[in-house]
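User: I am a first-year student and would like a close look at one part of this model. Please set it in the context of the whole chain and explain each term when it is introduced.

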Amino acid sequence: MPLSVRISEPEIYNQALNIWSEPSFMEAVAKLHKMTAMHVKCYKGEQLVAVLPVYTKKVLGFAAIVNPISSYYQGMNVWLEKSSYPQRTLLDSLQITRSIAHFLQKRFRKISINLSPELVDIRGFTWEGLQAAPLYTFVHDYSAPLKPLYNEHKNINKAIKHGYSFGQETNLAEFIKLTIAMDERKKRVNGVSYQALTLFLNQLFALGFARQYNMYLEGKIVSSEILFKGQLDKAYTIYRATSQNDMKHGVSSLHTLSLINELANEISELDFCGANIPDVARFKASFGLDLKVFFRISNG
C-alpha cells in the first residue's frame with residue numbers, strides 16, 4: 001500500500017510521542033523562538049506510521065524548516081507492526097523516510113532538522129537529495145555499569161570531602177544567575193534573552209516536562225542542571241551552569257554521578273545532549289558514557 005504524507009499543527013495520538021513531538025512542548029519552543037510548530041505525518045493507507053516534529057518560519061520570504069536551540073532534537077516517531085521478517089521492517093522504515101524527505105523537498109526552500117540518535121538509517125533522506133551531517137552525543141545506558149576513569153573518581157571523592165550535597169529543587173533565579181556568569185566567562189551570546197528563557201522553562205515545569213537538579217554548598221546552589229523528560233523512559237540534560245570557583249573542587253563530576261544515580265529506577269537511558277565541543281566531550285568521555293551519532297538533515 002502506498003504511503004502519503006501530510007503536515008498539520010501538533011496533536012495528540014493514540015501512540016506515545018517522544019518529548020520533542022509533544023504538542024505542548026512544541027508550542028512552548030515555538031513561542032520562545034517565534035516559529036511555527038508542525039507535525040509531518042506519514043500514513044500507510046489510513047494508519048499513522050510516523051510523525052516528525054518540525055519548526056517552520058519565513059527566511060527571505062521562503063518557507064524554511066529550522067532547528068531551534070531549545071529543542072535539541074526533532075526526533076521522529078515510527079510505529080510499524082512487528083514482522084517475522086526483519087527486512088520488511090527495514091524496507092518499510094526506509095520508504096517512510098524517503099516519502100517524508102520527498103514531501104519536505106517539495107514544500108520547503110530551506111531544511112535543517114536534528115534527528116535523534118534512535119534513527120540510524122538515514123538513507124531515505126540522502127537518496128532523496130538531502131544532506132546528512134553526523135553529530136555526536138554521550139548517553140548512559142542503565143543496562144550497563146558506569147565506569148568512570150580514575151581521575152573522575154578522584155574528583156568525586158574531592159567533592160564529597162568538600163561538603164557538596166545533591167537535591168532536586170526548582171529555583172530558576174539561581175539557575176539563571178549561574179548561567180549569566182557562565183555565559184560572560186565563556187563570552188557566549190544566547191539566541192534568546194534570559195527573561196524569555198525563564199518564561200520558557202517555567203512553562204515546561206508547569207507542564208511536567210522539566211526538572212531542576214542542583215549541587216549545594218552550605219545551602220547555596222553552586223551547580224544547576226535542567227533536565228527534560230516526557231512520556232518515554234528517556235531523559236535529556238539540556239542546560240547546566242556551574243560556579244567557576246567550585247569546579248576546581250570536583251563539583252561537576254559529583255553532579256553528574258548524583259544525577260545518574262537519582263534517575264536509575266526511572267529511566268533506561270540518560271542523554272547528555274552533546275559531544276561536539278572538545279572540553280565538554282572529554283569530560284563526558286572520561287565518565288564512561290556511550291558515544292552515539294545523530295544526524296543533521298539539510299538541503300545545504
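Analyst: The account below begins with the chain as a whole and then turns to the surroundings of two charged residues, glutamate 225 and arginine 211.

This is a predicted model, in which local features need pLDDT of at least 70, side-chain atom pairs count only at pLDDT 80 or more, and totals for chains, interfaces and linings use all residues. Residues are numbered from 1 along each chain as its sequence is written, and side-chain values use heavy atoms, leaving out hydrogens and water.

The protein chain holds nine helices and 13 strands (DSSP runs numbered from the N terminus, of H or I over at least four residues for helices and of E over at least two for strands). Its radius of gyration, taken over C-alpha atoms, is 20 Å, close to the 19 Å that the globule rule (2.2 Å times the number of residues to the power 0.38) gives for 300 residues, so the chain is as compact as a globular protein of that length. Along the principal axes, the C-alpha atoms fill a box of roughly 65 × 45 × 35 Å. Of the 300 residues, 51% are buried (under 20% relative accessible area with a 1.4 Å probe, counting protein chains only; exposed is over 50%, and partly exposed lies in between). Contacts, meaning heavy atoms within 4.5 Å, often span much of the sequence: among those between residues at least 6 apart, 74% join residues at least 24 apart.

The close view starts at glutamate 225, which belongs to strand β10 (residues 220–229). With a relative accessible area of 3%, glutamate 225 is buried. Its side chain forms a polar contact of 2.6 Å with the side chain of arginine 240. A polar contact is a pair of N or O atoms within 3.5 Å; within protein, one atom must be able to donate a hydrogen and the other to accept it, and residues adjacent in sequence count only if both atoms are side-chain atoms. Beyond residues up to four places away in sequence, glutamate 225 touches several others, among them Tyr239, Arg240, His255 and Leu259. Arg211, Gln212, Tyr213 and Asn214 are also included in that set.

Arginine 211 leads the view to strand β9 (residues 210–217). This residue, too, is buried, at a relative accessible area of 19%. Its C-alpha atom is separated by 5.7 Å from that of isoleucine 226, although these two residues stand 15 apart along the chain. Setting aside neighbours within four places in sequence, arginine 211 is in contact with Gln168, Phe205, Glu225, Ile226, Leu227, Lys229, Leu263 and Glu266. Two polar contacts of its side chain may be followed in the model. One, of 3.1 Å, reaches the side chain of tyrosine 213; the other, of 2.4 Å, reaches the side chain of glutamate 266.

The two residues can now be viewed together. Glutamate 225 in β10 and arginine 211 in β9 touch one another. Their side-chain polar contacts include one from glutamate 225 to arginine 240 and one from arginine 211 to glutamate 266. Tyrosine 213 also links the two descriptions: glutamate 225 touches Tyr213, and the side chain of arginine 211 makes a polar contact with that of tyrosine 213.
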